Amino acid sequence: MIGRTASRFGLVADVHANLHALNAVLSTLAEEGIEEIWCLGDVVGYGGDPEECVAIVRERCAGTVRGNHDAAAVEAALRASFNPHARAAIERQADLLSREALEWLGALPAVLELEDVVLLHAGCADPEAFPYVLGADDAERELEALPGRWGFYGHTHLPAVWRMGEDGVVEGLPCDPSGTAPLDRPGRYLANPGAVGQPRDGDPRAACAVFDRDGEELRLLRVPYDVAGAQSSIRRAGMPEVEALRLERGL
Ligand code: ZN
C-alpha cells in the first residue's frame, strides 16, 4: 500500500456501478493532468454496470476504501438496514458480480491513512456503523477521531467541507460544488467531493475533486455525462426503475 499521496491527486466517491459517469469523470481528471486517483467507496450498488466499475476502479485507483454497498454486496446480512429499492439493487448486483470482484470488494480496508491524508467512506470513529456526516455534530464526532489533517469521505452523496479549529470548534464552510475550497487554516478538515454515480444535491452531473496537498486547496468538479446511457444500463441489468429515474434529477 502506498504510504503517502501524490502532492496533487483526484478523489472519486460513490461510483455506484454507474459506468457512464465513471468514464466521464476519469476523462476529466486525465485532462486535468491527474495521475493518482483515490476512491472513497461504494463502487457498486444502484447502477447497471457493477462488474465493469469494479474492474476500472481496481485498475485506475491507487487505493479504495470499503463502502456500505461494497460490504453488503459480499455480506447479505448487511442488507437488512437498506431501504427496499437499495436492497433490491444490491441483491441483483451480487448476482452480476464475479467471484473475483466480490473477493476484491470484501477485502477493501475501512479507512486508509496516508500520513496527513485520511480516506474513509462514512466515518472513522466507528467505520463499520457507516454513519452519515450531515450536520456539525456529526462532523465534530468524526473530526475528533480523524488521524490526520485532511479527511475525505463520501456516503452522503453531497459535497461538503467541515473544519475543526484549534479551539475544537467545528464549522461547515461554504462549498461551491464546482468551485475551490481552501483547506489551509490551522486545524483539521473533513471534505466530501460529492458522488460520481448518483449525485443527490439536485445537480445530475457527476462529481469528483482534485486535492492539491501542497497548496492546501480542494477543487470540486462537476462533469456532464450520458445519463440516458446509464439509465439504459440500469434497466438492462434489471435494477429498480427508481434508480434510473433519480439520475436525471440528481436526487
Ligand atoms: Zn453511496
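**Exercise 1. Two residues with unusual backbone angles**

Task: Is Phe130 buried or exposed, and where is the place of Phe130? Then treat Tyr46 in the same way.

Solution.
1. In this predicted model, Phe130 has a relative accessibility of 15%, so Phe130 counts as buried. The cut-off for buried is under 20%.
2. Phe130 sits in the loop between β5 (117-120) and α6.
3. Now take the backbone. Most residues other than glycine have a negative phi. Phe130 is not a glycine, yet its phi is positive, near 45°.
4. Tyr46 is not a glycine either, and its phi is positive at about 75°.
5. Tyr46 lies in the loop between β2 (37-39) and α2. Its relative accessibility is 8%, so Tyr46 counts as buried.

**Exercise 2. The faces of α6**

Task: Which residues of helix α6 (residues 136-145) are buried, and what covers them?

Solution.
1. Asp138, Ala139, Glu142 and Leu143 are buried in α6.
2. Look down the axis of α6. The buried residues fall within an arc of 125°, so they line one face of the helix.
3. The spacing fits a general rule. An α-helix has 3.6 residues a turn, so residues three or four places apart point the same way.
4. Turn to the other side of α6. Asp137 and Glu144 are exposed there.
5. The cover over the buried residues of α6 includes β7 (160-164), β8 (170-173) and β10 (188-192).

**Exercise 3. α2 and its buried face**

Task: Which residues of α2 are buried, and what do they pack against?

Solution.
1. The buried residues in α2 are Pro50, Cys53, Val54 and Val57.
2. Down the axis of α2, they fall within an arc of 100°, so they line one face of the helix.
3. They pack against α1, β2, β3 (63-64), α4 (84-96) and α5.

**Exercise 4. Two helix crossings**

Task: At roughly what angle do the axes of α1 and α2 cross? At roughly what angle do those of α2 and α5 cross?

Solution.
1. Two packed helices are described by the angle between their axes and the distance between the axes.
2. Start with α1 (residues 19-31) and α2 (residues 50-60). Their axes come within 10 Å and cross at roughly 25°. α1 and α2 are therefore roughly parallel to each other.
3. The crossing of α1 and α2 is left-handed.
4. Leu19, Leu22, Asn23 and Leu26 from α1 meet Glu52, Cys53, Ile56, Val57 and Arg60 from α2. By class, this contact has six nonpolar, one polar and two charged residues.
5. Next, α2 and α5 (residues 99-106). Their axes come within 10 Å and cross at roughly 55°. That makes α2 oblique to α5.
6. The crossing of α2 and α5 is left-handed.
7. From α2, Glu51, Val54, Val57 and Arg58 meet Glu100, Ala101, Trp104 and Leu105 of α5. This contact divides into five nonpolar, no polar and three charged residues.

**Exercise 5. The surroundings of Leu120**

Task: Where is the place of Leu120, and which residues is it in contact with, leaving aside neighbours within four places in sequence?

Solution.
1. Leu120 belongs to strand β5.
2. Its relative accessible area is 0%, so Leu120 is buried.
3. Set aside the neighbours within four places in sequence. Leu120 then contacts Leu40, Val65, Ala110, Val111, Leu146, Phe152, Tyr153 and Gly154.
4. Finish with a distance. Leu120 and Arg185 are 65 residues apart in sequence, and their C-alpha atoms are 22 Å apart in space.

Note on methods: Residues numbered from 1 in each chain as written. Predicted model: local features only at pLDDT ≥ 70, side-chain atom pairs only at ≥ 80, totals over all residues. Heavy atoms only, no water. Buried < 20%, exposed > 50% of the residue type's maximum accessible area, 1.4 Å probe, protein only. Helix = DSSP H or I, 4+ residues; strand = E, 2+ residues; numbered from the N terminus. Arc of directions from axis to C-beta. Contact = heavy atoms within 4.5 Å. Axes fitted to C-alpha atoms, helices over the stretch in contact; angles between N-to-C directions. Parallel < 35°, antiparallel > 145°, perpendicular 65-115°, else oblique. Left-handed = near helix turned anticlockwise from the far one by under 90°. Nonpolar A, V, L, I, M, F, W, Y, C, P; charged D, E, K, R; others polar.
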